[in-house]
Amino acid sequence: MGLRKILTDQEPALHKVCKPVTSFDKKLHKLLDDMADTLIDSGGVGLAAPQVGILRRVVLVDVGAEEPDIIELVNPELVETDGEQCGPEGCLSVPGKYGLVRRPNYAKVRAQDRNGDWYEYEGEELIARCFCHELDHLDGILYTEKMDRFLTEEELTADQ
Ligand code: CO
């Protein structure tokens, strides 16, 4: 297991624009493997490299319904969005809080895999929300900069 420390709100790394990945080497593969361990350990849905202090354009999203099924997005771009959803959103880097955030209801991303081959992946609802949230991380943007407001304690407990 290669667990990495997840940075929170005030860390400068979370507010910087990340550089593209240019070497699809062992170092990248180790980062991806460690990020997968860290994502599963945290119980989150997505993780971006700047959240573990690496300023490169790398994102993981767990698209699995029951078992974890993690896809690796290197140098991802949003190529298509459609519709709108407004709902609660959280972030491993903003622990214990949730905000109401508007996102597209559908999103298609184009990205490279760990060997540099391009592919596309599309998703709706939570997956579309997660793509948008994680890609924002690569440009130094947290959901708290886009949300309507934080959910209150009452709203959070009512959801459970
Ligand atoms: Co996040």
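**Exercise 1. Place E72 and find its partner.**
Task: Decide whether E72 is buried or exposed, then name its salt-bridge partner.

Solution.
- Step 1. E72 has a relative accessible area of 18% and is therefore buried. Buried means under 20% relative accessible area, exposed over 50%, and partly exposed in between (1.4 Å probe, protein chains only).
- Step 2. The partner is R114, with the closest N and O atoms 2.8 Å apart. A salt bridge is a side-chain nitrogen of Lys or Arg within 4 Å of a carboxyl oxygen of Asp or Glu.
- Step 3. The pair links distant parts of the chain. R114 sits in the loop between β6 and β7 (118–124), E72 in strand β3, 42 residues apart. Helices (H or I, at least four residues) and strands (E, at least two) are DSSP runs, numbered from the N terminus.

Before going on, note the ground rules. The model is predicted: local features need pLDDT of at least 70, side-chain atom pairs count only at pLDDT 80 or more, and totals for chains, interfaces and linings use all residues. Residues are numbered from 1 along each chain as its sequence is written, and side-chain values use heavy atoms, with hydrogens and water left out.

**Exercise 2. Trace other salt bridges.**
Task: State how many salt bridges the structure holds. Then work through K108 with E80 and R103 with D136.

Solution.
- Step 1. The structure holds 15 salt bridges.
- Step 2. In the pair K108 and E80, the closest N and O atoms are 3.6 Å apart. K108 lies in strand β6 and E80 in strand β3, so this bridge ties together parts 28 residues apart in sequence. E80 is partly exposed, at 39% relative accessibility.
- Step 3. The side chains of R103 and D136 meet at 3.0 Å, N to O. R103 is in strand β5 and D136 in helix α2, so the bridge ties together parts 33 residues apart in sequence. Both R103 and D136 are buried.
- Step 4. Now extend the pair. Shared partners join E89, R103, R129, D136 and K146 into one salt-bridge network.

**Exercise 3. Describe the surroundings of D62.**
Task: Find what the side chain of D62 reaches, and which residues D62 contacts.

Solution.
- Step 1. D62 lies in strand β2 (residues 58–62).
- Step 2. D62 is buried yet has no salt bridge. The nearest side chain of opposite charge, R114, is 14 Å away. For charge, Lys and Arg count as positive and Asp and Glu as negative; His and the chain ends are not counted.
- Step 3. The side chain of D62 reaches the backbone nitrogen of G64 at 3.0 Å.
- Step 4. Set aside neighbours within four places in sequence. D62 is then in contact (heavy atoms within 4.5 Å) with L39, V45, E67, P68, D69 and I70.

**Exercise 4. Read the cobalt site.**
Task: List the protein donors of the cobalt ion and give their spacing in sequence.

Solution.
- Step 1. The protein donors are C91 (SG), H133 (NE2) and H137 (NE2), at 2.0 to 2.2 Å from the ion. Donors are N, O and S atoms within 2.8 Å of the metal (3.2 Å for Na, K and Ca); water is not among the atoms, so sites may look incomplete.
- Step 2. The spacing of the donor residues is C-x41-H-x3-H.
- Step 3. C91 is in the loop between β4 (85–89) and β5 (99–103), and H137 is in helix α2 (residues 126–138), 46 residues apart.
- Step 4. C91 is buried at 11% relative accessible area. H137 is buried too, at 1%.

**Exercise 5. Map the nonpolar cores.**
Task: Name the residues that touch the most other members of the largest nonpolar core.

Solution.
- Step 1. A nonpolar core is a set of buried Ala, Val, Leu, Ile, Met, Phe, Trp, Tyr and Cys residues joined through side-chain atoms within 4.5 Å.
- Step 2. The largest core has 16 residues; V59, V61, I71, L73 and F131 touch the most other members.
- Step 3. Elements giving two or more residues are β2, β3 (70–82), β6 (106–112) and α2. Helix α2 gives the most, with six residues.
- Step 4. Another core, of 13 residues, lies apart; among its members are A36, L39, A49 and V58.

**Exercise 6. Check two backbone angles.**
Task: Give phi for N75 and for E125.

Solution.
- Step 1. Phi of N75 is near 55°, a positive value in a residue other than glycine. N75 is in strand β3 and is buried, at 10% relative accessibility.
- Step 2. Phi of E125 is near 50°, also positive in a residue other than glycine. E125 lies in the loop between β7 and α2.

How values were computed: A polar contact is a pair of N or O atoms within 3.5 Å; within protein, one must be able to donate a hydrogen and the other to accept it, and residues adjacent in sequence count only if both atoms are side-chain atoms.
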